[in-house]
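Reader: Hi! Could you walk me through this one? I'm still getting used to strands and helices.

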Amino acid sequence: MDRLRVGLVGGGPWARTVHAPGLAAHPGTELAAVWTRRPEVAAELAAEHGARCYPDLEILFDAVDVVAFAVPPPVQSRLALFAAAAGKHLICEEPLAATVGEARAVVDAVEQTGVHSTLVLTMRHVPGVREWLDEIPAEPAGPDTVASARWLCASPRRAGHGALRDLGPHVLDLLDAAVGPVTDVPWARHEEPDLWRFGLLHSGGARSTVTLCTQVPVEPPEIEFTVFGGAGRHRLAGRGADAPTCYAALLDELVAAVDGSGPAPALDVRRGLHLQELVEAVRFAAA
């Protein structure tokens, strides 16, 4: 199969440091097109990677096989509908949308057209994280198991979005995968500056607690996940791999899905909808 032609929508720091170089370097993809709100940014980014900049998204969709989004959630969810309707596979950031309803619309569009989608949950593509998850029993943990997650950092970029929206999907996804699907958010607290604490109930009866903050002066960030009890004793600390490495693994999965040599990505827009619902449940519990 020829390399997948990918159109990149967005030109911010994450697009420039992860999406664009990752798509250009991967053997199964080609960064073929770029669109941003500011044409001069698109032209600069396209020239850097031998791509073409497009002033019109509809024309960009006609020129590519996949659309990668690096734009705010409300913009992503709206444009993803048009990309899916055009039959293009999707690389989406988290959170998938601004609201649960908008996320559900993206899922419906993907299901109706049958395109593949993948969500940029970078930690799930870290080899050490996958090994950690493999060590934990596959069945949902019972009420004799407790888990916790802590992600503390000092990040102006993250603080602009809020810890729950920016860090929450990654943490909720990992706990959900580790000890069983989250079924309830019994309690949640939000305090300034940007400190979130909440509890989760999982399908098998296990409970977990989460602490998130983007205003703690620690470097490197303090990231830790633990599971104790009937499911065993398991601890994961730190990120384990850089974002470009994780993004390459994500592209491996998408390319294999499209060419038929591998399954559809498990971390797709449906997963994004599930995480969006959990984030909203935390917000509701804290209200």
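Reader: Which residue of E6 stands opposite isoleucine 91?
Author: That's threonine 118. Keep in mind that this is a predicted model.

Reader: Okay! And in what sense do E5 and E6 pair?
Author: They pair in the parallel sense, over three bridges. E6 covers residues 117–119, and E5 covers residues 89–92.

Reader: What sits with E5 and E6 in a β-α-β unit?
Author: Helix H5, residues 100–113, does, and the unit is right-handed.

Reader: What about E4, how many bridges join E4 to E5?
Author: Three, and these two strands run parallel. E4 spans residues 66–69, and its valine 67 stands opposite leucine 90 in E5. With helix H4 (residues 73–85), E4 and E5 make a right-handed β-α-β unit.

Reader: Are the faces of E5 covered or open?
Author: Both are covered. His89 and Ile91 are on one side, Leu90 and Cys92 are on the other, and all four are buried.

Reader: Why do the residues swap sides like that?
Author: In a regular strand, side chains alternate between the two faces of the sheet.

Reader: Neat! New topic: at what angle do H9 and H11 pack?
Author: About 105°, with their axes 10 Å apart. Angles from 65 to 115 degrees count as roughly perpendicular, so H9 is roughly perpendicular to H11.

Reader: Which residues make that contact?
Author: From H9 they are Pro169, Leu172, Asp173, Asp176 and Ala177, and from H11 they are Arg271, His274, Leu275, Leu278 and Val279. By class, the contact of H9 with H11 has six nonpolar, one polar and three charged residues.

Note on methods: Residues are numbered from 1 along each chain as its sequence is written. This is a predicted model: local features need pLDDT of at least 70, side-chain atom pairs count only at pLDDT 80 or more; totals for chains, interfaces and linings use all residues. Side-chain values use heavy atoms; hydrogens and water are left out. Buried means under 20% relative accessible area, exposed over 50%, partly exposed in between (1.4 Å probe, protein chains only). Two strands pair if DSSP finds at least two bridges between them. A crossover is right-handed if, with the strands pointing away from the viewer, the path from the first strand over the helix to the second runs clockwise. Axes are lines fitted to C-alpha atoms, for helices over the stretch in contact, and angles run from 0 to 180 degrees between N-to-C directions. Angles under 35 degrees count as roughly parallel, over 145 as roughly antiparallel, 65 to 115 as roughly perpendicular and the rest as oblique. Contact means heavy atoms within 4.5 Å. Ala, Val, Leu, Ile, Met, Phe, Trp, Tyr, Cys and Pro count as nonpolar, Asp, Glu, Lys and Arg as charged, and the others, Gly among them, as polar.
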